[in-house]
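Hi,

Here is the structure I promised to pass on to you. Have a look at it first, then read on for what turned up when I went through it.

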Amino acid sequence: MQDDNLSEFKAKDQNIVENKALNIWEALIPVICLMGLLAYNIFFVEGQEWLGGYTNQIILLMGGAIAAGVGFFNKVSLSVMIKEIWENLRSVFVPIVILFLVGALAGTWLVSGIIPAMVYYGLQVLSPEIFLPASVIIAAIISIATGSSWTTSATVGIALIGIGSALGINPGMIAGAVISGAYFGDKMSPLSDTTNLAPAMAGTDLFTHIRYMTFTTVPTIIITLIVFTIISMNIDTTGSADISGLLASIKNTFNITPLLFIVPGVVIGLILLKTKPLLALLTGVVLAAIFAFIFQPEVLESLNASKFGAVTNAVLTDTNIATDNEKLNKLFSSGGMNGMLWTIYLICCAMVFGGIMDAIGALSRITNALLSVATTVFGLFASTVISCLGLNAIASDQYLALVIPGKMFKKAYEDKGLAPENLSRTLEDSGTVTSVLIPWNTCGAYQSGVLGVGVAEYFVYAIFNWLSPFTTLLFAALNIKIRQITSK
């Protein structure tokens, strides 16, 4: 789910490097330094720009340099580190291309009137009282159908952020609701690559894995819906009183027609038909550009003397469409492909750090240390959860947070007489869904970049994501639905 159907990274084929000379304290040095630098930037630097606008990227590279120093001390060659970095960077090539296309999609969907139309009709259907739980459900349905939380955020997620913002709802709340629903659907969809990867690593089959996940996943999403319902009933919004004014402003600026929904309909249809995401998104960009010429000629003329130039700018750079409503002016803006660069740089720097950590054997050493203290059944579950959470932060990649613990803990679960679906479920409950909570993880960087909401803003509202590890640990502690290996 870096996400599902969006990456060609074959995680289960990745080699995990072991370095017998590396001790646990040496393995933890880069992690401690990285976390310390990030914590300093978050808590002690105003505006979180200690080293400029790319502070997080620089800190990740500093962490990688420290890891490389540990590696050189243990006689790990530079060529080995470069090889692992290259493998990591190569693995995220497709997601990076998709990020560029998402930026282009946002720009063309804006100038063509698609996003304004979604906001226009959505304002009339989704009231503040039901908006957040409705967002969870809508995102869950789309994600189950597509098998991808990334695609869900790039389509209905962007629209829901726009509608909710116009209603005066906190964008962090909206993003949390979208992400909660998207990751629930992604996790339960047989089309999701992480949902296929987890049982493959644990040694069980796909549908046994999905059925077994329902025991922890359904209660978690029910709690999430209840919380969002309570929040929706009690939020103080500013948009409900002036919806008529917002609708008039949108109508005066854009040519609003239901025909604009043909484009998102085609994109979602292509995804459901299992078309390559790159092709589906590119189709969405091209169709939106054509629709911009057909339906929004006045908008294009207001942006540039050349209509073609206006569309090109929407694809590549910043676009700001002025209306007579200040709230809409902020909403109807896009950074195009250029707006995705910060996120792309973050992903690349995270891959450098994760690659060096893997090359020097630090990842396997930390996981083995956790495995050595798992003497009870609950301890084994807890070690798996901690390992997945730690690898999401250290390796900055969701796949590695499934692959490494899956490989390391598989025999331990067998030795305890536990069925493999216990491991596959725990991998998903703690590895898949928490990746989006780490700002420098590929998933956290993607979601915050696409939705335009920082991880710190949506973290507390991504209820399903941070609650899932606690649910799986509760089930383990109370011995609920902990299946034993059946003797044949």
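**Salt bridges and two buried residues**

Let's start with a pair of charged residues: the side chains of E301 and K307 form a salt bridge, with 3.6 Å from N to O. Keep in mind that this is a predicted model. Why do such pairs form at all? Side chains of opposite charge can pair when their charged atoms come close.

Are E301 and K307 buried or exposed? Neither quite fits: E301 has 49% relative accessibility, so it counts as partly exposed, and K307 is also partly exposed, at 30%.

How many salt bridges does the structure hold? There are 4, and two others are worth finding on your screen.

One of them joins D429 and K187, whose closest N and O atoms are 2.2 Å apart. D429 sits in helix α21 (residues 420–432) and K187 in helix α8 (residues 171–188), so this pair ties together parts that are 242 residues apart in sequence. Both ends are tucked away: D429 counts as buried because its relative accessibility is 1%, and K187 is buried with a relative accessible area of 1%. The cut-off for buried is under 20%.

Another one links E421 to R483, with 2.9 Å between the closest N and O atoms. Here E421 is in helix α21 and R483 is in the segment after α24 (463–477), so the salt bridge connects parts 62 residues apart in sequence. E421 is buried, at 7% relative accessibility, whereas R483 is partly exposed, with a relative accessible area of 36%.

Now for F475, which lies in helix α24. With a relative accessibility of 12%, F475 counts as buried. Which residues does F475 touch, leaving out those up to four places away in sequence? They are F215, T216, R425, I480, K481 and I482. Take F215 from that list: F475 and F215 are 260 residues apart along the chain, yet their C-alpha atoms are separated by 9.0 Å.

Last stop is S387, found in helix α19 (residues 377–394). S387 has 3% relative accessibility, so it is buried too. Again not counting residues up to four places away in sequence, S387 touches T367, L370, P405 and F409.

If you want a place to begin, try picking out D429 and K187 and tracing the chain between them, since that salt bridge ties together parts 242 residues apart in sequence.

Cheers

Notes
Residues numbered from 1 in each chain as written. Predicted model: local features only at pLDDT ≥ 70, side-chain atom pairs only at ≥ 80, totals over all residues. Heavy atoms only, no water. Helix = DSSP H or I, 4+ residues; strand = E, 2+ residues; numbered from the N terminus. Buried < 20%, exposed > 50% of the residue type's maximum accessible area, 1.4 Å probe, protein only. Contact = heavy atoms within 4.5 Å.
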